[in-house]
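This briefing is meant for a reader meeting the structure for the first time. Please look over the sequence and the model before reading the points below.

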Amino acid sequence: MISPALLRKYSAQPHPFTLHLADGRRIRVPHGDHLSVQPAGRVFLLWKPRGQVEFINLTMVTSLEGRPLEETVPE
């Protein structure tokens, strides 16, 4: 399972990434603005083309594929 914190970190990046679900689906997220993680972290909302939305249980996400997270360097 992917943690809510990790999904939030990836959604803050400007790069696309892909979520792999337990039912075999692959969901491409073109940009972090296309999803929102519930504050409790159990569910996230995915904005799809033409204004459609999908609620996805985060426990169904088996892996996340994308660029390495950019590290922020403290000043």
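Leaving aside its neighbours within four places in sequence, which residues is Phe17 in contact with? In this predicted model, and with those neighbours left out, Phe17 is in contact with Leu7, Tyr10, Ser11, Ile27, Arg28, Val29, Leu35, Leu64, Glu65 and Gly66. The points that follow begin with the nonpolar core to which Phe17 belongs, and then turn to strand E1, to the hairpin and to the surface.

**The nonpolar core**

- The largest nonpolar core has 16 residues, and those with the most contacts inside it are Leu7, Phe17, Leu19, Leu35 and Phe44.
- Two or more residues of this core are given by each of helix H1 (4–11), E1, strand E2 (26–29), strand E3 (35–37), E4 and strand E6 (61–66).
- The largest share of the core comes from E1, which provides 3 residues.

**Thr18 in strand E1**

- Thr18 lies in strand E1, which covers residues 17–21, and it counts as buried because its relative accessibility is 13%, where the cut-off for buried is under 20%.
- When neighbours within four places in sequence are left aside, Thr18 is in contact with Arg26, Ile27, Arg28, Ser63, Leu64 and Glu65.

**The hairpin of E4 and E5**

- Strands E4 and E5 run antiparallel and are joined by 5 bridges; Trp47, which lies in E4 (residues 43–47), has Val53 of E5 as its bridge partner.
- Along strand E5 (residues 53–57) the side chains alternate, so that Glu54 and Ile56 point to one face and are buried, while Val53, Phe55 and Asn57 point to the other face and are not buried.
- The hairpin has 5 residues between its strands, and Arg50, whose place is in the loop between E4 and E5, takes a positive phi near 65°.
- Most residues other than glycine have a negative phi. Arg50 is a residue other than glycine with a positive value.
- Arg50 is exposed, because its relative accessible area is 78% and the cut-off for exposed is over 50%.

**The nonpolar surface patch**

- Trp47, Val53 and Phe55 form a nonpolar patch on the surface, and together they have about 340 Å² of accessible area.
- Two members of this patch, Trp47 and Val53, are also bridge partners, and both Val53 and Phe55 point to the face of E5 whose side chains are not buried.
- Trp47 has a relative accessible area of 42% and is therefore partly exposed, a class that falls between the cut-offs of 20% and 50%.

Methods: Residues are numbered from 1 along each chain as its sequence is written. This is a predicted model: local features need pLDDT of at least 70, side-chain atom pairs count only at pLDDT 80 or more; totals for chains, interfaces and linings use all residues. Side-chain values use heavy atoms; hydrogens and water are left out. Helices (H or I, at least four residues) and strands (E, at least two) are DSSP runs, numbered from the N terminus. Buried means under 20% relative accessible area, exposed over 50%, partly exposed in between (1.4 Å probe, protein chains only). Contact means heavy atoms within 4.5 Å. Patches are made of residues with over 30% relative accessible area and no salt bridge: like charges are joined within 9 Å, nonpolar side chains (Val, Leu, Ile, Met, Phe, Trp, Tyr) within 5 Å. Accessible areas come from the Shrake-Rupley method with a 1.4 Å probe; for residues, only the protein chains shown count as cover. A salt bridge is a side-chain nitrogen of Lys or Arg within 4 Å of a carboxyl oxygen of Asp or Glu. A nonpolar core is a set of buried Ala, Val, Leu, Ile, Met, Phe, Trp, Tyr and Cys residues joined through side-chain atoms within 4.5 Å. Two strands pair if DSSP finds at least two bridges between them.
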